[in-house]
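Pull the model up in your viewer and keep the sequence handy. We'll walk through how the pieces sit against one another.

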Amino acid sequence: MRKLRDYSIRAKLTLMIMLTSISALLIASTVFVINDRSTFREAMVDNLTVLATVLANNSAAAVSFEDKEAANEILGALSTDVDIASARILLPDGSTFVQYERGGEKNPPAQAAALTDGFRFDEANLYVTKTIISKGKPLGALVIQSDLSALDARLRWFADRRAHV
């Protein structure tokens, strides 16, 4: 194998330009992926928070009248979203009032951090908690668990495109 010093100036310049271009492409694509991941996670939180707010408002009457059938119907609407793994309406004591499980799957119970509004990510899920309020009084909390399969699919798509470049 020839040593670098044995190549002509033209070959050395060509090699340097190629390495610089490849490095710039790798850095730029990495920045795009990191930015897109962050933006996509923020959009997931925003969308799930809006959904949780609507469902919490709609379930206030069902919880206040202890109507489990109506509450189950409200959570059943989540079956149209393939990313929602489970949802639970928790009472102030932390017990489950009603729950929804995607396709009959058994998911670990959604944990609510002191039944306060907010969100958290773990390795494979996003959890959004929204307080259920009626007449200014907290009745419990709605906890929605969404898997991160859409994010994973998006990152795989970017990885495929990056490999093609």
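Start with helix α1, which lies across β1, β2, β3, β4 and β5. Its direction makes an angle of about 35 degrees with β4. Keep in mind that what you're looking at is a predicted model. Helix α2 also lies across strands, in its case β1, β2 and β5, and it runs at about 35 degrees to β2.

Now look at how those two helices meet. α1 covers residues 9–64 and α2 covers residues 68–76. Their axes come within 8 Å and cross at roughly 165 degrees. An angle over 145 degrees counts as roughly antiparallel, so that's the label α1 and α2 get. As for handedness, α1 goes past α2 in a right-handed crossing. Which residues make the contact? From α1, you'll want to highlight Leu-55, Asn-58, Ser-59 and Ala-62; from α2, pick out Ala-70, Ala-71 and Ile-74. Sorted by class, this contact has five nonpolar and two polar residues, with no charged ones.

Next, the strands. They build an open sheet of five, and if you read across it the order is β2-β1-β5-β4-β3, with antiparallel pairing. At the edges sit β2 (96–101) and β3, each of which pairs on one side only. Ignoring direction, neighbouring strands in this sheet are turned against each other by 15 degrees on average.

Let's zoom in on two of the pairings. β1 (residues 84–90) and β5 (residues 137–147) run antiparallel and are joined by six bridges. To find the register, go to Arg-88, whose bridge partner in β5 is Val-143. Over at the β3 edge, strand β3 (residues 118–121) is linked to β4 (residues 125–134) by four bridges, again with the strands running antiparallel. Here Arg-120 is a handy marker: its bridge partner in β4 is Tyr-127. β3 and β4 form a hairpin, and three residues lie between them. While you're tracing strands, remember that in a regular strand the side chains alternate between the two faces of the sheet.

Finally, how much does the predictor trust all this? The mean pLDDT of the chain is 88, with 90% of its residues at 70 or more. Where is confidence lowest, and where is it highest? The low end is helix α3 (residues 149–164), at a mean of 75, while the high end is α2, at 95.

Key
Residues numbered from 1 in each chain as written. Predicted model: local features only at pLDDT ≥ 70, side-chain atom pairs only at ≥ 80, totals over all residues. Heavy atoms only, no water. Axes fitted to C-alpha atoms, helices over the stretch in contact; angles between N-to-C directions. Parallel < 35°, antiparallel > 145°, perpendicular 65-115°, else oblique. Left-handed = near helix turned anticlockwise from the far one by under 90°. Contact = heavy atoms within 4.5 Å. Nonpolar A, V, L, I, M, F, W, Y, C, P; charged D, E, K, R; others polar. Pairing = 2+ DSSP bridges. pLDDT = per-residue confidence, 0-100.
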